[in-house]
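User: Could you take a close look at one part of this model for me? I am in my first year, so please explain the terms as you go.

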Amino acid sequence: MSLKVLYAIYEEGDDLLHAVETVRGKGMDVVDCYTPYPVHGLDNVMGIKRSRLPIAAFCFAMLGLASAISLQYFTMGYDWPMIIGGKPYSGLPSWIPVCFELSILFTAYGMGITFFIKSRMLHGMEADIKDIRQTDNRLVMAIDVSDTDDTSGLESLLKETKATEIKKPYQETVEAVKTETPKVPVEKVKAAPVKKAAPKTKAKSSSVASKKSSEITEEEKGEKINLLLGKIGKASGSVNDDLKLVKGIGPVFERNLNSIGIRSFEQISKMDSETIKLVEEITRYFPGKIERENWIEQALELMKK
Amino acid sequence: MHQIDSKIRPRLIQGDKSITDVSNDICRPIENKATAAWKLGFGISLLFLALLGGTLFWTTWTGIGVWHLNNTVMWGWDITNFVFWVGIGHAGTLISAILLLFRQKWRMSINRSAEAMTIFAVMCAAVFPLFHMGRIWVGMYWVLPLPNAFGSLWVNFNSPLLWDVFAITTYFTVSLLFWYLGMIPDIATVRDRAKTKSRKFWYGFFSMGWNGSARSWHRYEIVSLILAGISTPLVLSVHTIVSMDFATSVVPGWHTTIFPPYFVAGAIFSGFGMVLTLLVIARKVMNYEDYITIGHLEAMAKVVMLTGTLVGIAYLTEFFIAAYSGVVYEQYAFINRATGPYWWAYATMMSCNLLAPQVFWFKWCRTTPWFLFMMSIIVNIGMWFERFVIIVTSLHREYLPSRWAMYVPSWVEVGIFLGTMGLFFTCFFLFAKFLPVINMSEVKSILKSRE
């Protein structure tokens, strides 16, 4: 499969995560990312289908169990039956340890080998490296730009997502790019002819995209806000805390929060992982930032003052 | 991005490291020439390894009679050392598997070296059962279900000694896979930073073409999770089965149902003891104090205290049950342990394993490296004596007083034990020089988090 691929290079996992979301939100295809450490949530935003390795693991466990039972039955009960300690020839209970150990052994090695095959890994294989620092201190995003010739719009968009470098696109053979079912919103964006228009004029594309995203979530957004406020409570009319005192909330995000009815520290302090997720979905905010910066604890502190 | 430092929970990785710093710090020993301290330590370990070779050769050449075992005490230092090493081998997989399932992020700075320790300890352990068979060249037929020329007799699957063979080999191979799999991304890092040809080749060979693709990471994390899931019961099963070597016999002092949990707790206890011994030194010598922080040492000290207390409770329970059972042989076995000719071994065991770890109730004791090092040595000694007490004092005065005997090891047995120390440290020094001692890729993923 031949693709024209553009590489954007990042320094932080969170930036990459956000960038993948932005790029996919515009209907572009992220072929793959290359990172020196596992970036949590990257598989989700890239839309990677959950691997079926656990099923393989179960099959290997059963294979191990079957081999253990047949080995013990053959040697102890069939080939050379012997009475040991007055026990029956095929004493199942005393076979349990070996059955257990062999199941584990088969699972581990079966899984390992399946993993190596699926990831195309073998001893002495040449690594397919896009940027020599990708296993050390840089994160690389590969974007499919086969459909466009002019990538200047995309490039400035990437710059906005804190890409430190952009490698010019070039033709490349990419093996086995799986076409996963993109997430619903992406598909909707794709359906509209945004994809090709996007990189041309940056200003236009971004306004289109923001309009699109709000259009999509309009009804859902209302529902989600209701759900959210139901959980953390509504701020009474007079309350209007200065949310900017929470480290991590800037003036823009404060306006966002106010617009969905969050105006007090009390509300923030009542959040839990579920409501945080709602806030992230509604405001399209950096996933995980709220928990990482510990807004809840901060809000509790601020409430005391 | 903002970062708030909590006073209660300091960051796991100190010193404001960036991901570049992590690579630089952890690849340093690999990319630079060996230090004088490393050469000295490695040289001494090699001497002891030579001692192992010599004593094992002597045992095989002359026969097992060079050991001072006798008809009554037919297991002595050999099986004591076997159980001692297997026990040490339990911390590695415990740290990487059970702590992974519990999402304990502090494991990430220490899991690599603890797993390495596991593998080397199990190698040391394997020496003893192999050589205590005497004629090692036919040992293959005694331990593995192979068709043979002695009338097609098979191994006995009803015997815990055979379960042991399966448990230990499975444990060794699965731990090896777990360790290697976890190391592949880091080997790839070394490969891509490599300046010399040989380093490029060897690390390239073992990195299996890893390029950090998001799809590979996705599968990799699933495989790690499943391996952790199956390794957890595996760790517990291994020492359970080792304990059954004793518990399924009818020897007074061995024939108790408390053995499996008690052995598992003891194994974790001794394993963490050894991890502390190694890491307190390694963090200082290799300058990894920002990665293996006082917080890490403290967490390990807490595990040591908990498991030490569990082991202590098991000792007391054993004593109580012997008294309560009304079986005179059982009662005598325990009286003899505490007051018989080997009372000093029993006293060492009790004070090192039950009493000594109680100092960890005090914060100073948990957070002072030199003290922790001293304590870890005490734990190692105590756990060696536990196995000695269980094996030798139970055997030397069994049912028939006419069979009673004493046991003192020969120089060959002592030599083999010291030799396995040599094997262990030789492997560990090689590991510290040629492989990344800390899991770089995992540490990079937690630089920002404070748990």
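Analyst: Here is a walk from one residue, S441(B), out to the chain around it and the neighbouring chain.

A word on the ground rules: this is a predicted model, where local features need pLDDT of at least 70, side-chain atom pairs count only at pLDDT 80 or more, and totals for chains, interfaces and linings use all residues. Residues are numbered from 1 along each chain as its sequence is written, while chains are lettered from A and ligands numbered from 1 in the order in which they are written.

Let's start with S441(B), which sits in helix α17 of chain B. Helices here are DSSP runs of H or I with at least four residues, strands are runs of E with at least two, and both are numbered from the N terminus. Is S441(B) buried or exposed? S441(B) is buried, because 26 other C-beta atoms lie within 10 Å. (Buried means 20 or more such atoms within 10 Å, exposed means 12 or fewer, and partly exposed is in between, with C-beta atoms placed from the backbone.)

Who are its partners? Leaving out residues up to four places away in sequence, S441(B) touches P185(B) and D186(B) in chain B, and P36(A), Y37(A) and P38(A) in chain A. Touching, or being in contact, means that the C-beta atoms, placed from the backbone, lie within 7 Å. By contrast, I381(B) is 60 residues away along the chain, and its C-alpha atom is 35 Å from that of S441(B).

Those partners in chain A lead us to the interface. There, 55 residues of chain B are in contact with 63 residues of chain A. On the chain B side, the elements giving two or more residues are α1 (19-31), α7 (160-193), α8 (197-207), α9 (214-247) and α17 (440-445). The largest share, 15 residues, comes from α9(B).

Now step back to chain B as a whole. Chain B has 17 helices and zero strands. Its radius of gyration is 23 Å, close to the 22 Å that the globule rule gives for 451 residues, so chain B is as compact as a globular protein of that length. (The radius is taken over C-alpha atoms, and the rule is 2.2 Å times the number of residues to the power 0.38.) The C-alpha atoms fill a box of roughly 75 × 55 × 40 Å along the principal axes. Like S441(B), 49% of the 451 residues in chain B are buried.

Note on methods. Contact = placed C-beta atoms within 7 Å.
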